[in-house]
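Here is a short tour for anyone meeting this structure for the first time. Have a look at the model, then read on for its sheets, hairpin and helix contacts.

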Amino acid sequence: MSSTLDKLTSAVTMGATGGHRKKIVVVGLGMVGISFIEKLLKLDAREREYDIVVIGEEPHLAYNRVGLTSFFDHRKVENLYLNPLEWYEGILDGALSYFLNNRVTAIHADRKVVSCADGQEVSYDILVLATGSDAVLPRHTPGHDAKGVFVYRTIDDLEQLIAFSAHQKGTVGAVVGGGLLGLEAAKAMMDLECFDKVSVIERNRWVLSRQLDGDAGGMVVDQVRSLGVEVLLSKRVGKIDVGEDGGVKGVYFEDGDYMPCSTICFAIGVRPRDQLARQAGIKCADRGGGIIVDDSLRTSVSDIYAIGECASWQAQTFGLIAPGVEMADVLAFNVTQAKHHAPRLYKRPDLSTKLKLLGVEVASFGDFFADRDGPKYLPARAKRGADEKPTTVKTLTNGLPPAPVKALTYKDPFQNVYKKYIFTMDGKYLLGGMMIGDTKDYVKLVPLVKNQKELDVPPSELILGAKKEGADEGDDLEDDTQICSCHNVTKGDVVNVTKDGTCKSIGDVKTCTKAGTGCGGCMPLVTSIFNKTMKSMGNEVKNNLCPHFVYDRADLYNIVMVKKLKTLPDVMREAGTDPESVGCEACKPAIASIFASLWNKHVMDKPHHGLQDTNDRFLANIQRNGTFSVIPRVSGGEITPEKLIAMGKVAKQYNLYTKITGGQRIDMFGAKKNDLLDIWKTLVDAGMESGHAYAKSLRTVKSCVGTTWCRYGIGDSVGMAVRLEERYKSIRGPHKIKGGVSGCVRECAEAQNKDFGLIATEKGFNIFVGGNGGAKPRHSELLAKDVAPTEIVPILDRYLMFYIRTADKLQRTARWLEALPGGIKYLREVVLEDKLGINASLEAQMQELVDSYFDEWAEAINNPQIAAQFKQFANTDEVLDTTEMETDREQLRPAMWPAESAKEDFKGLKDRWTSTTWQPVLEASYFEGADKAPNGISANIKRGDTQLAVWRVRGKYFCHQQMCPHKRTFVLSDGLIGEPDKSSCDKYGGAAPANPWVSCPYHKRNFDLGSGDCKNDDELSIATFETEERSDGLVYVKLPPVEELDAELGTSKWKVKKGEAGPPVYAELDKKLNFVGHRAKKPGVKPHAELPIRKPVQLIPAGTNPGGCGGGAGLDW
């Protein structure tokens, strides 16, 4: 949104009751600010008393600070946004105006106006300060302003740290502060993989000293150290050693020790941002800072409130998100509801935290230091006798009495589990506690503390008691139990929006309640509560393939197998909800996969071609510009020079972008559809075959060299990998399958993150299964140990076939194994012990598939009917490029997609053409057999510079633009046809819509073939044209003049062009790095000459480092 604010200073709007709407100005667009806005919008939706103006100092929309560390993985700010841009822009009627990258510089309470850095002024009726806090930088420490010193607070902080660290290879990175933020920062610096070592410097005797006691903190220290992070305890930074270039060289500690480092990140706390309030004369706390507020969050100035980390309530500020969200709740309620209801007061906040830091589960809740500092609060019944103070004489004689509490502690050093729960003296009330390693009971214990509920079980049962059935699924939680602490969402909130029909999916629940949009740790519990609520309403959480079937993939697989069904009409007749249906984009690929897993016929044969999704359709992965990738099989990563030369010749002849894949083979990008046959003929003639990179089938079996060459190898990993890849190549399943074989425990082939992996042992191979990388990585699990090489194949045959039979659609083995009742133990019983008595059947079925192997590309080259499919246009041999190309690192790649879709009113063109005439476009014989084909038959035709898709489906012709407006890709004639199931009839007055839809192969935007409407994106549409077959044997389309058609839909107009996406992705980084491509030796560099030392080594003065080097007592010079 524009940063011009003056239009808001005088705007007068009307509320629902006819009066002027009041203006609430929120200063700060952080997590608490946006929480207040969301709640206010929701509570004010009916009466519309307020318009909200929010002014954010950062250039970003509100983002998730709790999840900052994930930024190092994806480097996309948008992934952290709490609400997408569309949410802000979708709030109508002036209810919300937002302004970014602008700072409020002054508050004029007498005029009820705030001034901004750009000189504008904004008036307010109510002002809410949500300015948050700043990371503390110890300005008293010499060198604090050196190059290489950072804090860890904002996106800008992280981007600066990332950019700087990229130049610090081989150095040490230091984090000062071992609290929550410090350990997060340490993980971030480790994830950068720029430093040889990351050190955490903590002034106390253990980390997390504000949440944990010495025993628990010590256990965390041990675990953090085991991950490779150095932890220095009882260390205080005295000064930072700064080099002549102004950069960090190291740190001197107060005890005289020295540590070299290049980068320092301070994470020693936060300081409330109260400068704006202080300048305006608003009372702020002298000690610790913060804007002083009362129980209603009011400041000392009328109509000005403060919430979040900038607010000081009862002389306390809170650096956690949960207390701030609670403040936002209270204020939003009072502003909108106090006239109808008693106002809420802000009460003692819950400072409980549950996090995963450096892989260690940590939680603290309630009054977790009550045994050390004495209880801050006691239940009324427990106070009796506890308030009796000892006499002065007794205190002088015996010292201070122990705290009136008892602690119950459990410590398991083998599993790294620590629990300490603190109770009242009689054991009837839980006051607080801490957990390490096992935190699953956290969500149950927090409400016991908050509600001061008397326990109905002995204290020991809270730690050692038997686990109730369904306990992890929320069954035993009360409705008022908080399940999402980031956004104060209760179990009842999730249950209620599910029961009243507001939310019908997990995505709806996240959008509606905000649960899971903070740290995300509550999502398993939220999902479980949602699923159980749906079931309790009789709305079974179904896993049906799509609305055309009442079966999941596994059930449908068995039906197809038992009844020997071979075509889509057969399946619809025997198992579909509508025997006459053509299905949809969801069920067709799943059915195609089942057919391939059972009968293994060529996927481009007419009965099957129309079922294939995107990549299988042309035996190649479709790329951004409509071209394809070519990946021959390289079994086990082993290849001859002759085959490498053949691939090089192909890549050079067709100007293909080449890259080595993670699966040890070569990927060639940019092949045009009409060149694929010639490319593959060259490769097949050179002895190569399809790598099935396009299919949900075996991709690769990665290997190290093993005993073939390696001096450490104890198993022939290459030989085994080649044999396994050759056996399982082309076999399709519910999802892609990857394997790996390592020749020893050094695991160079990364076999333990594959769908199946082998690691050589002295007695054979250990077999691991159910692992994968990808969006949700999973370490594989041990299926069998020390398996003889001759037994490997039967075990893998059974495992893979059992997976193919029972997995859900598009379910990797990792998710399948997680969902399998009994998990790895049950899988061992089935595969190794033949618990179900099906092993012989599994092996026989796999052998049938292996025996039916053929190379799909070799068959396609030699089959005229299939070969005819590899043309861009059905009515001409011409070729049109649909995306401009750019040179990047000496290779061509397509220009980047623009951020915005083509949102023109294409469907409205039919009413805007100046004239239309019937024009012949293609012979009707082209569509022979279309009425029996599972997807009809389509053609991409060229008319002038325009591309049109023509279809015949179920006896009807359709024509529309070839370009999908979502990403301006010219591919719609290759999409899958879908139509509603019979249950949709009720929505349309007893008759289902007459027109099917086409689903774009790229991102599944579904367009009505008649109207042109997009069924799942209201902003998009396509142009459609009347079409008919005539007695002269030709298909006619009613089209406007060619010039007019090209002006609206021409390829040259809509092709993706260079520069449309803005500056190159790495423009800023390249500028900083002076990056021009592959590095070469600098002029003047002499690799064999002695390297001059630019700055002599400085020795530490004698006596400053006792027992160490540099002139101390440790060495006798």
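## Sheets and helix pairs

Let's start with an open sheet of 3 strands, ordered E44-E45-E46 and paired antiparallel. Its edge strands are E44 (976-978) and E46 (1006-1008), each of which pairs on one side only. On average, neighbouring strands here are turned by 30° against each other, ignoring direction. Keep in mind that this is a predicted model.

How do E44 and E45 (residues 997-999) pair? They run in the antiparallel sense, with 3 bridges between them. One pairing to look for is Gly978, whose bridge partner in E45 is Trp997.

Next comes an open sheet of 5 strands, in the order E3-E2-E1-E7-E19, and this one has parallel pairing. At its edges stand E3 (96-99) and E19 (304-306); each has a single partner strand, so one side of each is left without a neighbour in the sheet. Neighbouring strands are turned by 15° against each other on average, again with direction ignored. At the E19 edge, E7 (residues 126-129) pairs with E19 in the parallel sense over 3 bridges. Follow Leu129 across and you get to Ala306, its bridge partner in E19. Helix H1 (residues 31-43) packs on this sheet, touching E1 (22-27), E2 (50-55), E3 and E7, and the direction of H1 makes about 160° with that of E1.

Now for strand E30 (residues 666-671), which pairs with E28 (residues 628-630) in an antiparallel way through 2 bridges. E30 also pairs with E29 (residues 657-660), antiparallel too, over 4 bridges. E29 and E30 form a hairpin with 5 residues between the strands, where Gln664 takes a positive phi near 65°.

To help you find your way, here are bridge partners from the strand pairs described above.

| Strand pair | Residue | Bridge partner |
|---|---|---|
| E28 and E30 | Phe628 | Ala671 in E30 |
| E29 and E30 | Ile660 | Ile666 in E30 |
| E44 and E45 | Gly978 | Trp997 in E45 |
| E7 and E19 | Leu129 | Ala306 in E19 |

On to the helices. Which residues of H14 (residues 491-499) are buried? They are Lys491, Gly492, Val494, Val495, Val497 and Thr498. After H14 comes Gly501, with a positive phi near 85°.

H14 has a helix to pack against: its axis and that of H16 (residues 523-536) come within 9 Å and cross at roughly 40°. Because of that angle, H14 is oblique to H16. The crossing is right-handed. On the H14 side, the contact is made by Lys491, Val494, Val495, Thr498 and Lys499, while H16 brings in Val526, Ile529, Phe530, Thr533 and Met534. Sorted by class, that contact has 6 nonpolar, 2 polar and 2 charged residues. Lys491, Val494, Val495 and Thr498 are therefore names to look at twice, being listed both as buried and in the contact that makes H14 oblique to H16.

The other helix pair is H23 (residues 717-728) with H24 (residues 789-806), which pack at an angle of about 35° with their axes 12 Å apart. H23 passes H24 in a right-handed crossing. Met720, Leu724, Arg727 and Tyr728 of H23 meet Pro789, Ile792, Val793, Leu796, Asp797 and Leu800 of H24. What classes make up this contact? It divides into 8 nonpolar, no polar and 2 charged residues.

Notes. Residues numbered from 1 in each chain as written. Predicted model: local features only at pLDDT ≥ 70, side-chain atom pairs only at ≥ 80, totals over all residues. Heavy atoms only, no water. Pairing = 2+ DSSP bridges. Buried < 20%, exposed > 50% of the residue type's maximum accessible area, 1.4 Å probe, protein only. Axes fitted to C-alpha atoms, helices over the stretch in contact; angles between N-to-C directions. Parallel < 35°, antiparallel > 145°, perpendicular 65-115°, else oblique. Left-handed = near helix turned anticlockwise from the far one by under 90°. Contact = heavy atoms within 4.5 Å. Nonpolar A, V, L, I, M, F, W, Y, C, P; charged D, E, K, R; others polar.
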